[in-house]
Amino acid sequence: MSIASRHRLRALAPLAFAALAALSTLARAADPVELQLLFPIAVGGPLTQIMDKLTARYHATHPGVEVKAIYSGTYDETMTKARAQFKAGQPPDVLIASAVELFNLRDLDMIVAYEDALKGSDTSWTKRFYEAFMVNSTQDGKTWGLPFQRSTIIQYYNKDAFRKAGLDPDHPPATWEELRDMALKLRDAGGVKFGLQIPSDNFGDWLFSALAWQNGLALVSPDGKHAYFNDPRAVEALQYWVDLGKAGAVPKGSVSWATTPKDFIEGKVAMMWTTTGNLTNVRKQAKFDFGVSPLPAHRQPGSPTGGANLYVFKTGDTAKERAAAEFAKWMSDPEQAAEWSIATGYVGSSQAAYDTPAMKAYVASFPAAVVARDQLAHYTRSLGLHGNGRATAALSDAIQAALTGTKTPKEALDGAQKTADGVLARFQK
Amino acid sequence: MSRTSVIAAGAAAVPGTAAARARRDTIGGWALVAPSLVVIAAFTLYPVVLSLVHAFTAPRGGVTLQQVHAMVDDEVLHKVFVNNLVFAAVTVPASIVIALAMALWVNGKIRGRAFLRLAFFTPTVLPMVAAASIWLYFYTPSYGPIDRLLHVFGLPGHNWLGTPETALPAIMVVTIWKEAGFFMIFYLAGLQNMAPELEEASRLEGASAWYHFRRVTLPLLMPTTLFVMVVAMTASFKQVEHIFVMTRGGPDNASSLLLYYIYKVAFTFYDEHYAAVLTLVLVATLLLLAFLQFRVLERRIHYR
């Protein structure tokens, strides 16, 4: 570079700076609101990509808002991360977390109600969701969570294995007795290692609440202040599960939540109980003819709801809270709800989602997709309690203790009840 | 830090201009340690103080012993504490013995020595989470490699991680597998430093290989053993990543260790105060064990 040209450059510099400054002011005016979304994954399949697609589309249709979707691990890890960020004064804006966390999120004063975040706007759309999901989402007349990846537990079964065992592939077990007998027949017919798997190392409390409900008992009170873990009906239900293991209908010891879908897909187990959120993954990967059905009934049919809601964090920045609530609403709109349901198997959160053309076409081609939704007719609420999961952790431990034979169902559940009472005492005042 | 003040104190005794220089030295000294001091204060001292404060205050303020009382009734805590003691009592000696055996083996003049050393060291290089994921697959009931091998011999499979009796042992195996290669390196270094004359002398005296090992090699390796033992003991209380991956502490806390339980209390149950007390218990346990090790072993060590 010659000296002359360097001089010329130096003369130009102030101009260039002025231009840059002007540009950056312009850019700042158009700076999008940036929202951080934390989301967990509890099922198989490439869900992060689908999430990125959704947030990209939101940005395309709402240029003023940019959503950074951050995959934050399991449900528990996601809560840990959200809480740590909240304590550090940098909470996420939108959180997808388990529906059972509502009590804890409110006890810690971490979230805002949609009616408050969207003050002045019409919020009648909050009435569009299935009631079964809203019992874990509304409190004190306000909406705190929007159903997003909500679920029920369904029964997946390998029709080829049914045929091999001489069972009718269109008649999955509909009672506890049938479940036990068929599981044993399937195992004895060979080909599969086990007739049935009900996971217990993770979400064991949730799966157990299905058995308890079928035996006529809701394990928690609607206000999240009382647990009924050692009710005789719960003891009976746990005894039934333990007896399944003793008879060899399910594997001995605790059964992995994470590998159960894999075991089913690889044909190692003929039937499994797990979330409907695994449906699309199983459909894509299973190389055999499979079916899904509602869970069997005992005194009554039914399943607890499960899965996660969209929560808006209390950031103190009302503009951001509003933007976050608008984004969350959009995520729960029928089109997105249908898309997420088709991509995963989770239940579409509203009837409107099932009325979209995409969903109608999907259900027509794959009727199994509505089994979990139809099971909502016999729902019980998710296992939400105050006290940051300590009571349900004690229940999970008790279930594992009984299943592995270290305690009787009664002993185990009495212990869990004692812990739960201790934890919940201060909320009952 | 203490050395700086000693220098400063010594210098201050000199009168006149020397005093000014001493002051300069003091300032310079403090300036030199300041960066580490800030880091230690922020990431060690502050958390220690905070843990102490949290441990003895109630969630809603006020001094209390309620967290200490809670420990007495906490059956899960008793279980994980015993688990951790068993875990340490098995993994520490086992990984030390295996490490020593491997070091003696690859120290000899054998074929493929470099390859063997590398093979033994590989588990150490792996992140714990990766190692745990591999073993999670090994332990998979009915179609994991271990159960498949059992099937070949006509033995029934086993739910290794899902049965209370085998969950903790299964995790101990992973720990030993991972740690032994690391400790081997220290023993190998110790062996390489040993004068070859010692072995020649033993041979001339007609001592057997076992006698030489027992009376010469082993005593000379004692400083290494002490170091390895303290490191292994600390690790047995500090490493919990594999529990997250493999069992989540289950079934019914059968494979839960103290630090994993502290994590659960602090970050799942959000009980910082109780977690703080548990942390103090953990630190006290570690200090006590380290103290005992130094006391007992120091007398039997010949430092060269």
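This is a short dialogue on reading the chains, domains and contacts of a predicted model.

User: Where do I start with chain B? How many helices and strands does chain B have?

Analyst: Start with the secondary structure. Chain B has 14 helices and zero strands. Read along the sequence, the pattern is α-α-α-α-α-α-α-α-α-α-α-α-α-α.

User: Is chain B a compact globule or more spread out?

Analyst: Compare the radius of gyration with the value from the globule rule. For 304 residues the rule gives 19 Å, but chain B has 25 Å, well over that, so chain B is more spread out than a compact globule. The box tells you about the dimensions. Along the principal axes, the C-alpha atoms of chain B fill roughly 90 × 70 × 30 Å.

User: Which domains does chain B have?

Analyst: Look at the domain assignment. For chain B it gives domain 1 (2–55) and domain 2 (68–298). The centres of these two domains, taken over C-alpha atoms, are 38 Å apart.

User: How many residues of the two domains of chain B are in contact?

Analyst: Count each side in turn. Domain 1 of chain B gives four residues, and domain 2 of chain B gives five. Next comes buried area. The two domains of chain B bury about 440 Å² between them, with 75% of it on carbon and sulfur atoms.

User: Which residues of domain 1 of chain B lose the most area to domain 2 of chain B?

Analyst: They are Ser51(B), His54(B) and Ala55(B). Together they make up 89% of what the domain 1 side buries.

User: What about polar links between the domains of chain B?

Analyst: Check two counts. Salt bridges between domain 1 and domain 2 of chain B come to zero. Polar contacts come to one residue pair, with both residues at pLDDT 80 or more. Then check the residue classes. The side of domain 1 of chain B that touches domain 2 has two nonpolar, two polar and no charged residues.

User: Now chain A. Which domains does chain A have?

Analyst: Here each domain is written as two stretches of sequence. Domain 1 of chain A is 29–150 + 306–379, and domain 2 is 152–304 + 382–428. Their C-alpha centres lie 27 Å apart.

User: How many residues of the domains of chain A are in contact?

Analyst: Use the method from chain B. In chain A, 32 residues of domain 1 touch 36 residues of domain 2. The area buried between these domains is about 2,600 Å², and carbon and sulfur atoms give 56% of it.

User: How many salt bridges and polar contacts are there between the domains of chain A?

Analyst: The salt bridge count is zero. The polar contact count is 13 residue pairs, both residues at pLDDT 80 or more.

User: Which elements of domain 1 of chain A touch domain 2 of chain A?

Analyst: Look for elements that give two or more residues to that side. In domain 1 of chain A they are α4 (102–107), α14 (334–344), α16 (357–365) and α17 (371–374). The largest share, four residues, comes from α14(A). By class, this side of domain 1 of chain A divides into 19 nonpolar, eleven polar and two charged residues.

User: Let us move to the two chains. How many residues of chain A and chain B are in contact?

Analyst: An interface between chains is read like one between domains. Here 28 residues of chain A meet 21 residues of chain B. Together the chains bury about 2,200 Å², and 45% of that is on carbon and sulfur atoms.

User: How many salt bridges cross the interface of chain A and chain B?

Analyst: The rule finds four. One of the salt bridges in the model joins Glu272(B) and Arg83(A), with the closest N and O atoms 2.6 Å apart. Elements giving two or more residues to the chain A side are α3 (75–87), α11 (260–265) and α18 (390–403). By class, that side of chain A has four nonpolar, ten polar and 14 charged residues.

User: How many salt bridges does the structure hold over all chains?

Analyst: The total is 22. Take one inside chain A. The side chains of Asp160(A) and Arg163(A) meet at 2.9 Å, N to O.

User: Where do Asp160(A) and Arg163(A) sit along the chain?

Analyst: Both are in helix α7 (residues 159–164) of chain A. Because they are three residues apart in this helix, about one helical turn separates Asp160(A) and Arg163(A).

Definitions and conventions:
Residues numbered from 1 in each chain as written. Chains lettered and ligands numbered in written order. Heavy atoms only, no water. Contact = heavy atoms within 4.5 Å. Buried area = accessible area lost by both parts, 1.4 Å probe. Nonpolar A, V, L, I, M, F, W, Y, C, P; charged D, E, K, R; others polar. Domains from an automatic or database assignment. Polar contact = N/O pair within 3.5 Å; in protein donor to acceptor, adjacent residues only side chain to side chain. Rg over C-alpha atoms; globule rule 2.2 N^0.38 Å.
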